[in-house]
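Student: I'd like a close look at how one helix packs in this fold, and then at what surrounds it. Could you walk me through it?

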Amino acid sequence: MKKTIVIAGLGLIGGSIAKSIVLSADNHVIGYDVSEEVMNYALENGIINEAATEFQKDAVRADFIILAAPITQTIYLLKELNGLTFNKKVIVSDVSSVKSNVMRIADTLTNKHITFIGGHPMAGSHKKGIQAARGHLFENAIYVLTPSVYANSEDTYLLQNLLVNTKSKFVILNQTEHDEMTGVVSHFPHLIASSLVHQARKWNDMHSFLPNLAAGGFRDITRIASSNPTMWQDIFYHNRYKMSHLLEEWIKEMHYLKNLLDDNNKDEMITYLNEAKQFRDGLGVSDKGAIPSFYDIYVDIRDQAGALATVTQLLASYRISINNIQILEIREGINGALRLSFSSEEAQKKSDQVLQANGYETMIEK
């Protein structure tokens, strides 16, 4: 039997989920967004099968509802759903990156037809909006599910089955586990990245050439500061207590690091940096997490016309797909002018062999 799915919020995440589940002929996807222009775009480009005329009216038709709005709006929509009259069971999920406040509402729903299972697909992009939506955005990414007190294992299975074309790796976490871990590895790094950019912006008043040097490593480590500010303010608000606690820990850590510098304690500094290196190198580079990882190769190429095209055409001739390309303007400590990112270790190693066989000097990131 064909399933009816309503997706409320057709931005990067909601649009990407729609793109993946609309591929199945068993699914009829109804898209809802506050922007009529966005809904028309999604309809014209086959991202959805139908544009909702009214959220409440179309929600009661659904077998599944995915709330892909900002957290505050998601909570509002969840309360609105609680007051609707459904004539069948409906499984409702969300995509919020902070779960506690959403689950607090979900666990107190009085509508017996609603089964809520929190969701958080842990992948994204520096781009935003329906135009940036990709059906493969969540491929191999961690997709956290947080069932409410009214959900059972069969309900969770049904939701996973609906999302099978996302090709995600599903993980079950409770709300506290989720918020603490995403706070550490996703939300807090965004705060730090933004603070680093602010520091550079202030120093720019003294050194106008600074932006020319802020390539390579600085741009890498602050990439996430380019994300949607309105969305991130909402995330920080709903996870503000954990963010405040993490900032306290960070300030203590920076005081310790400052003392190592002030005291010129060489041995302790080497130990500090080595421990950080070992832990960082041991992270799951083969999995997409809160901050997606890829298999990288650094390639030394000449600064001349056609050099980049030659590399990409060479790999294309071997049917090797490149996920990302970055030209490294500043390469201190890195051997290579070009960084190529691949989705698998197999593609990385094959590319390395092909490039070396054709005279290129390469380095694989360990």
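Student: Within how many Å do the axes of helix α7 and helix α10 come, and at roughly what angle do they cross?

Tutor: Keep in mind that this is a predicted model. The axes of α7, residues 175-204, and α10, residues 229-238, come within 11 Å, and they cross at roughly 120°. That angle makes α7 oblique to α10. As for handedness, the crossing of α7 past α10 is left-handed.

Now zoom in on the side that α7 offers. Its contributors are S186, H187, H190 and L191, and they meet W232, I235 and F236 from α10. Sorted by class, this contact of α7 with α10 has four nonpolar residues, three polar ones and no charged ones. The spacing in a helix is worth recalling here: with 3.6 residues a turn, residues three or four places apart point the same way.

Helix α10 has another partner to look at, namely α4. These two pack at an angle of about 70°, with their axes 8 Å apart. Roughly perpendicular counts as 65 to 115 degrees, and α4 and α10 are therefore roughly perpendicular to each other. On the α4 side the contact is made by I71, T72 and I75, while α10 brings D234, I235 and H238. By class, the contact of α4 with α10 divides into three nonpolar, two polar and one charged. Notice I235 of α10: it takes part in the contact with α7 and also in the one with α4.

From α4, carry on along the chain. K88 sits in the loop between α4 (71-82) and β5 (90-94), and D63 in the loop between α3 and β4, 25 residues apart, so this pair links distant parts of the chain. The two form a salt bridge whose closest N and O atoms are 3.0 Å apart. Both ends are partly exposed: K88 has 29% relative accessibility, and D63 has a relative accessible area of 21%.

The loop between α3 (55-59) and β4 (64-67) also holds R61, whose partner E50 lies in strand β3, residues 50-51, so that pair ties together parts 11 residues apart in sequence. Here the closest N and O atoms of E50 and R61 are 2.9 Å apart. E50 is partly exposed at 23%, and R61 is partly exposed too, at 35%. This bridge has company, since E50, D58 and R61 are linked in a network of salt bridges.

For a bridge inside a single helix, go to α11, residues 240-262. K258 and D262 are four residues apart there, which means they are separated by about one helical turn. Their closest N and O atoms are 2.7 Å apart, and the pair forms a salt bridge. K258 is partly exposed at 47%, and D262 is partly exposed at 49%. In the whole structure, the search finds seven salt bridges.

For contrast, turn to α1, residues 12-21, which is mostly covered, with nine of its 10 residues buried. Among the buried ones are L12, I13, I17 and I21. The buried residues of α1 pack against several strands, including β1 (3-8), β2 (27-32) and β6 (114-121), and also against helix α6 (153-162).

Technical notes
Residues are numbered from 1 along each chain as its sequence is written. This is a predicted model: local features need pLDDT of at least 70, side-chain atom pairs count only at pLDDT 80 or more; totals for chains, interfaces and linings use all residues. Side-chain values use heavy atoms; hydrogens and water are left out. A salt bridge is a side-chain nitrogen of Lys or Arg within 4 Å of a carboxyl oxygen of Asp or Glu. Buried means under 20% relative accessible area, exposed over 50%, partly exposed in between (1.4 Å probe, protein chains only). Axes are lines fitted to C-alpha atoms, for helices over the stretch in contact, and angles run from 0 to 180 degrees between N-to-C directions. Angles under 35 degrees count as roughly parallel, over 145 as roughly antiparallel, 65 to 115 as roughly perpendicular and the rest as oblique. A crossing is left-handed if the near helix is turned anticlockwise from the far one by less than a right angle, and right-handed if clockwise. Contact means heavy atoms within 4.5 Å. Ala, Val, Leu, Ile, Met, Phe, Trp, Tyr, Cys and Pro count as nonpolar, Asp, Glu, Lys and Arg as charged, and the others, Gly among them, as polar.
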